[in-house]
Amino acid sequence: MLSNNLFKKKSVWIYCLLSVLCVLVIFSIVKVIIVGPSEFINECLELFGGDTKQNWVFLVAGSKGWDNYRHQADVSHAYQTLLNNGIPVDRIIVMMTDDVAFDSKNPYHGELFNHPNGSDVYQGVQVDYKGEEVRSEHFLNILNGNKAAMINLGSGRVIESKHRDNIFVYFVGHGTTGILAFPENYLYADELNNALQSMYSNRKFSSMLLYIDSCRAGSLFDGILSEYNSIFAVTAAGPRESSWSTYCNEGDGKLDVCLGDEFSCTWIEDQANLGKLYPLQVNELVEKRTVLNHFNYIRNTVKLSNVMPYGDFSIGQNKLSSYIGKSPEVFSKYSHYNNNALSFNTRNDTLKSSVNFSKNTYKPYQIKEQYNGKNNTMKQRTLYNSIMRKMMYKVFNKILQNVIKQLPGFVEHIDELKELPSNLPLNVFPCYRQTLDYITTNCFSLPKNIYSLNEVHIFFNLCTRVIDSKWKSEEFYVLFEQVVHNVCSKNSSTFSNSLKMINIY
């Protein structure tokens, strides 16, 4: 009898224990669905006394010069927005050449604007790395937390993330097939992928979100970025298409800069204007919004390119605020502007505001005669651009033709070599990198001439075909270097004059 009672009591306790476990499991599943797996793990660790997670942000404008005004305006606006979202200033690292706000062509000295009716977004931006420090190897060292490599450079700050931290990387600039362009050199997709894989293997983050705004940005990740490494990348354009600038005003034909980029302004303005658009639901939206929610909004809003997702889609279930913070204020001081209708200018690959900008609404670019009227700078720059494009097209074609003449079975495929590649095998990148380095060394600097970005993919295709044909790399490199030297030596005087034009314009 006594044993029966004990058995019954044990059964009740076991039943209660199993019921509690079932409730906890159901609660955990619901919680994971609501906040995402990464956020759920972080909350559990914090509950049981684990290290507090931190957010790290890396903002990069990969270009220089007045013509690229929009990139530094994008980064400056992103900085203000994320700061307003509660990201600590010591967790934001900024890399940009910082040569636009104080450019002599800027009639509003020391100010940058990212919207025709916006506020100055430059004031207060702390730039960690500027000028010649904006290079691809520095980008990788900062991202990897290699503090020793950044001694005596800029602020010396790097991303010192730990295994529970989240990282948000935003890059805006120029790019092409498998390349992000920096002012003095290139960052190749294999180099970026190696860095990301190394960070993942060394547990330097819990998860990472990348926003990349450049032409053909998708080529950096398509078929390359792992689906299982807690990294999610969103690109402004697919592997074989351009991204677009926005808020460009040609006016009487004398204004020659754009204030922002369509992808960048879309995600930044969305953050700055949540309270304005949804004043009653803003707190609920911020709490519930996931990375994939934000991606879908950007993809549906951007009209001129296909915004693309890559990598680990489980990260898409995480809260967006766990990467870019959440604003304690309903309205950002950088969000007060009018939403003007936009019209597309397909001829110039830009998105142009249809508003007729006046001095009050289009502040930065009203002093026309001083910089464009008397000196005809715009006409000279347009002429220079045309000359450089034609010259590079001619040189690239000459190199390609002379190389394939000496490669059996290549001549009949010359048209295929000029098409954008459908995929980018990682084993082709060493050859791709070396061929472009040969041209930069012997002809002209490719990174300093963004017009070359539309054509360099032909050398990726050439390298792919060489590797597939079982040609020995050493033999091909010798042949290629000899051809490049011969072609470029015949045009050395032209290149010399072009370099002088670069310094002027």
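Leaving aside its neighbours within four places in sequence, which residues is Cys-215 in contact with? In this predicted model, the list runs to Gly-175, Thr-176, Glu-241, Ser-242 and Ser-243. Cys-215 itself sits in a loop, the one that links strand S7 (207-213) to strand S8 (231-235). Its relative accessible area is 24%, so Cys-215 counts as partly exposed, given that buried means under 20%.

Cys-215 also turns up in a database record. The UniProt annotation "active site", from an unreviewed entry, covers His-174 and Cys-215. These residues span 42 residues in sequence, but no two of their C-alpha atoms are more than 6.2 Å apart, so they gather at one spot.

Now for His-174. This residue is also found in a loop, here between strand S3 (166-172) and strand S4 (175-176). With a relative accessible area of 13%, His-174 falls under the 20% cut-off and is therefore buried. What does His-174 touch, not counting residues up to four places away in sequence? Its partners are Ser-63, Asn-68, Arg-70, His-71, Leu-180, Ala-181, Ser-214, Ile-450 and Leu-453. With Asn-68 there is something extra: the side chains of His-174 and Asn-68 make a polar contact at 2.8 Å.

Zooming out, the protein chain has 505 residues, and 52% of them count as buried. Its secondary structure comes to 17 helices and 13 strands. Among the contacts with a separation of 6 or more, 77% are between residues 24 or more positions apart. As for the outside, the chain exposes about 23,500 Å², with carbon and sulfur atoms supplying 53% of that area.

Two of the helices show how such elements can pack. Helix H5 (residues 189-201) meets helix H14 (residues 429-442) at an angle of about 130°, and their axes are 9 Å apart. That angle makes H5 oblique to H14. On the H5 side, the contact is made by Ala-189, Asp-190 and Glu-191, while H14 brings in Phe-429, Pro-430 and Arg-433.

Helix H6 (residues 262-272) is a good place to look for buried residues: 11 of its 11 residues are buried. Among them are Phe-263, Trp-267 and Ile-268, but also Glu-262, Glu-269 and Asp-270. Gln-271 is another of the buried residues of H6, and it leads on to the next residue, since Gln-271 is in contact with Ile-324.

Ile-324 belongs to helix H10 (residues 321-324). Is Ile-324 buried or exposed? At 1% relative accessibility, Ile-324 counts as buried. Besides Gln-271, its contacts beyond four places in sequence are Leu-82, Asn-85, Ile-87 and Phe-168. Asn-166 is 158 residues away from Ile-324 along the chain, yet their C-alpha atoms are separated by 9.6 Å.

Val-125 gives one more case of residues brought together by the fold. Its place is the loop between strand S2 (92-95) and helix H4 (136-144). Val-125 has 12% relative accessibility and counts as buried. From C-alpha to C-alpha, Val-125 and Val-94 are 8.4 Å apart in space, with their positions 31 residues apart in sequence. Setting aside residues up to four places away in sequence, Val-125 touches Ser-76, Tyr-79, Gln-80 and Met-96.

Conventions. Residues numbered from 1 in each chain as written. Predicted model: local features only at pLDDT ≥ 70, side-chain atom pairs only at ≥ 80, totals over all residues. Heavy atoms only, no water. UniProt positions renumbered as here; feature names shortened; annotations may be inferred. Helix = DSSP H or I, 4+ residues; strand = E, 2+ residues; numbered from the N terminus. Buried < 20%, exposed > 50% of the residue type's maximum accessible area, 1.4 Å probe, protein only. Contact = heavy atoms within 4.5 Å. Polar contact = N/O pair within 3.5 Å; in protein donor to acceptor, adjacent residues only side chain to side chain. Areas by Shrake-Rupley, 256 points an atom, 1.4 Å probe, with all protein chains shown as cover. Axes fitted to C-alpha atoms, helices over the stretch in contact; angles between N-to-C directions. Parallel < 35°, antiparallel > 145°, perpendicular 65-115°, else oblique.
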